[in-house]
Amino acid sequence: MTSRYSYHSSLLREPLQRDSNPSVFELEKLLYTGKSIKNHVDEVWPGLYLGDQEMAANNGELYRMHITHILNASHSHLRGGAENYKGMNILYMGIDAQDSPTFDMSVHFCPAADFIHKALRERGKVFVHCAVGVSRSATLVLAYLMIHHRKTLVEAITTVKDRRGIIPNRGFLRQLLELDSTLRGKR
């Protein structure tokens, strides 16, 4: 009989395979092995930066980094939006997403991924953020890597987590698993 401890230990030792169908629990374990959050922003893909609200409010730093596009996954009428970047020649996209397992983030996967992809194709630099830069914004970055770079969810997580600590909530992980399954069916 396998003890619960040895079952969990084996999950941590055995790497998830590219073509595996991981559970939310296995994805969480993979995410916990990533980099810790030390910075307000990290480059997670060439020209693609993931960060928090504090960095989003630092226009001087955004200018220094040559950010051309901002995707705000925690947009609300209370926090402002495109007007915060007036005169900076920054294209802005805001998504009013709640960091809740019941929030349907999947409806934003393709529009957000297309926004990021178009910006990077035009040699822009994209800053994707939410409040802390680990769940809502990270979910949209993972979807982008899956949709436009044909990465599996495990590959996308591995790409990002080694550059920035992320932990999408369980509802977002389930939605990303559904996206992964849909994309695999089309390949």
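Reader: Which side chain of opposite charge is nearest to K151, and is K151 buried or exposed?

Author: In this predicted model, a charged residue is best read by asking first how much of it is covered and then whether a partner of opposite charge lies within 4 Å, the cut-off for a salt bridge. K151 is buried yet has no salt bridge, for the nearest side chain of opposite charge, that of E155, is 5.4 Å away.

Reader: Where in the chain is K151 found, and which residues does K151 touch beyond those up to four places away in sequence?

Author: K151 is found in the loop between helix 6 and helix 7. Leaving out residues up to four places away in sequence, K151 touches W45, L145, M146, A156, T159 and R187.

Reader: W45 is on that list; which residue stands opposite W45 in strand 2?

Author: To read a pair of strands, one looks at their direction, at their bridges and at the turn that links them. Strand 1 (residues 41–45) and strand 2 run antiparallel and are joined by four bridges, and W45 stands opposite L48. The two strands form a hairpin with two residues between them, and G47 in the turn has a positive phi of about 80°.

Reader: Which residues touch the most other members of the largest nonpolar core?

Author: A core is read by its membership and by the elements that supply its residues. The largest nonpolar core has 44 residues, of which L48 and L71 touch the most other members. The elements that give two or more residues to this core are helix 2 (24–32), strand 2 (48–51), helix 5, strand 5 (126–129), helix 6 (136–149), helix 7 (153–161) and helix 8 (170–186). Helix 6 supplies the largest share, eight residues. Apart from this core lies another, of twelve residues, among them V41, M65, I67 and F127.

Reader: Which residues is L48 in contact with, leaving aside its neighbours within four places in sequence?

Author: With those neighbours set aside, L48 is in contact with D42, E43, I116, L120, V126, V128, V141 and Y144. Among these contacts are I116 and L120, which are buried residues of helix 5.

Reader: How many residues does helix 5 have, and how far does helix 5 reach from its first C-alpha to its last?

Author: A helix can be checked by setting its span beside the expected one. Helix 5 (residues 109–121) has 13 residues and reaches 18 Å, close to the 18 Å expected at 1.5 Å a residue. Its buried residues are F109, A112, A113, F115, I116, H117, A119 and L120. Helix 5 is followed by R123, whose phi is positive, near 65°.

Reader: What is the phi of H66, and what is the phi of N89?

Author: When a residue other than glycine has a positive phi, it is worth noting its place in the chain and its accessibility. H66, which is not a glycine, has a positive phi of about 65°; H66 is found in the loop between helix 4 and strand 3 (69–72), and it is exposed, with a relative accessible area of 54%. N89 has a phi near 55°, lies in the loop between strand 3 and strand 4 (91–94), and counts as exposed at 74% relative accessibility.

Reader: How many helices and strands are there in the chain?

Author: There are eight helices and five strands. Of the 187 residues of the chain, 49% count as buried.

How values were computed
Residues are numbered from 1 along each chain as its sequence is written. This is a predicted model: local features need pLDDT of at least 70, side-chain atom pairs count only at pLDDT 80 or more; totals for chains, interfaces and linings use all residues. Side-chain values use heavy atoms; hydrogens and water are left out. The expected span of a helix is 1.5 Å times one less than its number of residues. Buried means under 20% relative accessible area, exposed over 50%, partly exposed in between (1.4 Å probe, protein chains only). A nonpolar core is a set of buried Ala, Val, Leu, Ile, Met, Phe, Trp, Tyr and Cys residues joined through side-chain atoms within 4.5 Å. Contact means heavy atoms within 4.5 Å. Lys and Arg count as positive and Asp and Glu as negative; His and the chain ends are not counted. Two strands pair if DSSP finds at least two bridges between them.
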